[in-house]
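I set out to look up the packing around one tyrosine, then the cores and one of the pockets. My notes follow the structure.

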Amino acid sequence: MLGLDERSQGSAADYARLGVPVPRDGGLRELLEWAECGELDRVVCERISRVARDMLPSLQVEYHLASRGVPLECANEPRGGMTTGQLELRRTAQVRAEIYRHELLEQSMRGQRQHAAAGYRHGPPCYGYIAVVDADAPAAANRFGGGRPKMRLALHPDSRRADTVQEVFQLRREEQLRDSEIAQVLAADLDRHPLADGQVLWRPARVRRMLAQPKYSGYQVFGRCAARTNRSRINPIADWVWSREQAHPVVVPLDEWHETQLVTAQMQQWQAPDWDRVHEAAAQRGIQLTTVRESDTHILYEAAGRQFVLPYGDLPAAVADEVIIILEAGA
């Protein structure tokens, strides 16, 4: 189901976990490289869906091999006869493989939504919580044996973490401090505001994620970010899946969380005018600024076929001018 650029040899542990008895000597990417080097005479697979579940990667592999004189044969396809009949069977199988993929994803997403609505944990626990097994949850088995236990969030044993979260929300809501200013407050007293495991220092990006986290209200929430389809951009709140009731201890009451989001949105409208100039220039030219990835201090954007890194917070006028030039050139 992965794209061609993501397909490669897996680890021995993965194959052992899946119960694959045949030793692997490379993945699809390596196979194409061998074909490019002329090291293959023929490629045989069980069926065309084993090449790729999406039709486009399947066609790309087929074309890549054919253009290099390497025939691709599927064991479930008949031998002999006219090429047109074989082509019709293969294209039909490719369509069915893609339909199966979408059906599988839809069923999986439905299960994820039901999982969240019941209040079970999704993803790693956020700062201030730990994940605990719900002993009362019904057990579920799968093809690998016993299913993973259902988890819920519980308060971290170190009560200073929950106190830190409450103070972060208070600093934003009542004093309207920026992410960097809140991070400085936390870093100034690490005895009161302990770092998370593996955390080196308090960074504005971590503060920003904390302030946007609705799970502190006691509700389990799923689907906030479009991690797979839109480069982790935040989805509209109307598309989020909330648990039917509070599923874990409350750190920040829901009304305070909502008020904090309003304050944050208002502060974002007060950004330096140089940011406004960049967004206005992009909108006038019908160009969308897309977030590729971000660190604790900078964001990598893509627009008009170019990528550029911009800092969080106030944008220097000289940097804004340079970005506008890039946008104008790409329009």
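I looked up Y216 first: beyond its neighbours within four places in sequence, Y216 is in contact with C126, Y127, Y129, V165, F169, M210, V250, V251 and V252, contact being heavy atoms within 4.5 Å. The model is predicted, so I note that local features need pLDDT of at least 70 and side-chain atom pairs pLDDT 80 or more, while totals for chains, interfaces and linings use all residues. Residues are numbered from 1 along each chain as its sequence is written, and side-chain values use heavy atoms, without hydrogens and water.

I then turned to the largest nonpolar core (buried Ala, Val, Leu, Ile, Met, Phe, Trp, Tyr and Cys joined through side-chain atoms within 4.5 Å; buried is under 20% relative accessible area with a 1.4 Å probe, protein chains only). This core has 24 residues, and V165, F169, I182, M210 and Y216 have the most contacts inside it. Two or more residues each come from α5 (159–175), α6 (179–187) and α7 (204–212), where helices are DSSP runs of H or I, at least four residues, and strands are runs of E, at least two, numbered from the N terminus. α5 gives the most, with 5 residues. Apart from this core I found another, of 18 residues, including L289, L315, V323 and L327.

Which residues lie nearest the centre of the second largest pocket? I recorded R7, Y15, L18, R24 and R50, among 39 lining residues. α1 gives the most to this lining, with 4 residues.

Key
Buried < 20%, exposed > 50% of the residue type's maximum accessible area, 1.4 Å probe, protein only. 1 Å grid on protein atoms, 1.4 Å probe; cavity = no way out; pocket = protein on both sides within 12 Å on 5 of 7 lines; lining within 4 Å.
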